[in-house]
Each structure stands twice: as structure tokens, then as C-alpha cells.
Amino acid sequence: METLEELKAQFLAIYNENIQWDGADDLLKWLSESDFFVAPASTRFHGSHEGGLLEHSLNVYHCLKEIVQQAGLQDTYSPETIAISALLHDVCKVNFYKKGFRNAKDEESGQWYKKEVYEIDEKFPCGEHADKSIIIIQNFIHLEPEEILAIRAHMGGWDTAVKGGNGFVGKIFERSKLAVFLHFADMAATYLMEV
């Protein structure tokens with residue numbers, strides 16, 4: 001398994017090689033000053049460990065790149081669009097978690113102990129998960145419509161907007177192959193972290 005420093009170096013190389021929009025340096029500075037490189041990806045599920053968000057973002061990038069290549073659409077979606085959509089789809093999780101504790105029982109000894117866990121500590125409550133990522137990214141760089149659709153719909157059926165029944169994520173999937181591809185890449189990357 002790669003170290004956090006190796007994962008960070010990989011992220012920076014991909015980001016700097018592919019994302020060239022005005023403001024990209026400011027976005028990278030913001031990420032570097034945040035907890036992005038050490039944050040978990042979730043509280044209890046995939047990537048609920050230090051650096052989980054970084055690891056998940058890189059896994060999504062590699063999965064999305066492979067899916068686009070397998071579909072023969074690498075000329076349709078630029079390396080920049082792939083990098084933006086995959087590496088930044090979950091920036092809503094930056095500065096979102098804090099360390100906490102819960103009681104846990106050691107199965108062998110039967111003794112109770114304080115287990116370190118991650119808890120949600122929302123500091124920027126604005127919109128749904130993916131909406132928040134889009135808002136944060138667009139504070140720094142321009143997003144193309146296809147990138148917005150992909151990031152907005154990357155959670156697919158787990159999106160709370162879908163649970164409310166308005167069905168707009170399905171409409172996004174009808175309009176944007178990239179949205180479908182990012183959703184599949186996110187699911188595949190999540191699976192990779194669970195096995």
C-alpha cells in the first residue's frame with residue numbers, strides 16, 4: 001500500500017499535468033491548506049481512515065480514465081475534464097470531518113475501550129453533497145457543463161434528491177455519458193477500498 005506522501009505526490013502530478021484553468025493554482029493552494037490530503041472519505045464506510053479521501057479520489061480518477069478509454073471516448077473527454085471530474089468530485093468532504101471517540105468492546109477480552117472514529121463537523125452547510133462540491137470548485141475554476149453534470153450525479157441512486165422522487169439524476173444520465181461513467185468509477189473505487 002502506498003504511503004500518504006506517495007499518494008499526495010501522485011495526486012499533485014496528475015493535477016498539475018492536467019488541470020490548467022485560470023485559478024487552478026489557487027484551488028490547489030486551498031486544497032493544500034485544508035485537510036484534503038489527510039481527511040477520511042467517510043465516517044464508517046469506504047476510506048474511513050486518514051488519507052481516505054485522497055486515496056478514493058485517485059481511485060476514482062484511475063477508474064474513470066479506464067472507463068473512458070474502454071468506451072473509446074478519450075477524444076471526447078479531455079484529460080482535464082477527466083481529472084477535474086474525478087479528482088475533485090468529493091471536495092465537499094474537505095474540512096467536513098473531525099476525530100471523535102465511541103465506546104467499543106474488545107471481542108477477545110470483553111473489555112470496553114474508547115475507539116477513535118470520525119464524526120461529521122459541517123462547517124459549510126450549503127446544498128446537497130455534490131452541489132457543495134460544484135460550488136467549492138467554481139469558487140476557483142470554471143467548470144464545463146458536462147463536468148457539472150458528472151459531479152452532480154456521481155452518487156446516482158444514493159443522492160437524496162433521487163430519494164425525494166424528482167428523478168433529475170436519471171435525466172442527467174440520459175444527457176451525459178460522463179455522468180454515468182463517473183458514477184460507475186465512483187462505485188468501482190468505493191468497492192476497491194472495501195476489499
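## Exercises on a predicted model

**Exercise 1.** His129 comes out at 25% relative accessibility; is His129 buried, partly exposed or exposed?

*Solution.* Keep in mind that this is a predicted model. Start with the cut-offs: buried means under 20% relative accessible area, and exposed means over 50%. His129 has 25%, so it counts as partly exposed. Next, place the residue: His129 sits in helix α5. Then look at who touches it. Skipping neighbours within four places in sequence, His129 is in contact with Asp90, Cys92, Lys93, His154 and Met155. For a sense of distance, try Gly23: the two C-alpha atoms of His129 and Gly23 are 23 Å apart, with their positions 106 residues apart in sequence.

**Exercise 2.** Work out how α5 packs on α6, and which residues make the contact.

*Solution.* Packed helices are described by an angle and a distance between their axes. Take the angle first: α5 (residues 129–138) and α6 (residues 145–153) pack at about 145°. The distance comes next, with the axes 7 Å apart. As for handedness, α5 passes α6 in a right-handed crossing. Now list the contact: α5 brings Ala130, Asp131, Ser133, Ile134, Ile137 and Gln138, while α6 brings Ile148, Ile151 and Arg152. Sort those by class and you get five nonpolar, two polar and two charged residues.

**Exercise 3.** Find the residues that touch the most other members of the largest nonpolar core, then say where the core comes from.

*Solution.* The core holds 47 residues, and Phe11, Tyr15, Leu31, Leu64, Leu87 and Leu88 touch the most other members. Zoom in on Leu31: leaving out neighbours within four places in sequence, Leu31 is in contact with Phe11, Phe36, Phe37, Leu88, Val91 and Val94. Then go helix by helix: α1, α2, α3, α4, α5, α6 and α9 each supply at least two core residues. The largest share is from α3, with nine residues.

**Exercise 4.** Describe the pairing of β1 with β2, and pick out the positive phi in the turn.

*Solution.* Strands β1 (residues 97–105) and β2 (residues 112–120) run antiparallel and are joined by nine bridges. To check one pair, take Ala104, whose bridge partner in β2 is Tyr113. The two strands form a hairpin with six residues between them, and Gly110 in the turn has a positive phi of about 80°.

**Exercise 5.** What is unusual about the sign of phi in Asn95, a residue other than glycine?

*Solution.* Most residues other than glycine have a negative phi. Asn95 has a positive one, near 55°. Asn95 lies in the loop between α4 and β1, and its 30% relative accessibility makes it partly exposed.

Terms used. Residues are numbered from 1 along each chain as its sequence is written. This is a predicted model: local features need pLDDT of at least 70, side-chain atom pairs count only at pLDDT 80 or more; totals for chains, interfaces and linings use all residues. Side-chain values use heavy atoms; hydrogens and water are left out. Axes are lines fitted to C-alpha atoms, for helices over the stretch in contact, and angles run from 0 to 180 degrees between N-to-C directions. Helices (H or I, at least four residues) and strands (E, at least two) are DSSP runs, numbered from the N terminus. A crossing is left-handed if the near helix is turned anticlockwise from the far one by less than a right angle, and right-handed if clockwise. Contact means heavy atoms within 4.5 Å. Ala, Val, Leu, Ile, Met, Phe, Trp, Tyr, Cys and Pro count as nonpolar, Asp, Glu, Lys and Arg as charged, and the others, Gly among them, as polar. Two strands pair if DSSP finds at least two bridges between them. A nonpolar core is a set of buried Ala, Val, Leu, Ile, Met, Phe, Trp, Tyr and Cys residues joined through side-chain atoms within 4.5 Å. Buried means under 20% relative accessible area, exposed over 50%, partly exposed in between (1.4 Å probe, protein chains only).
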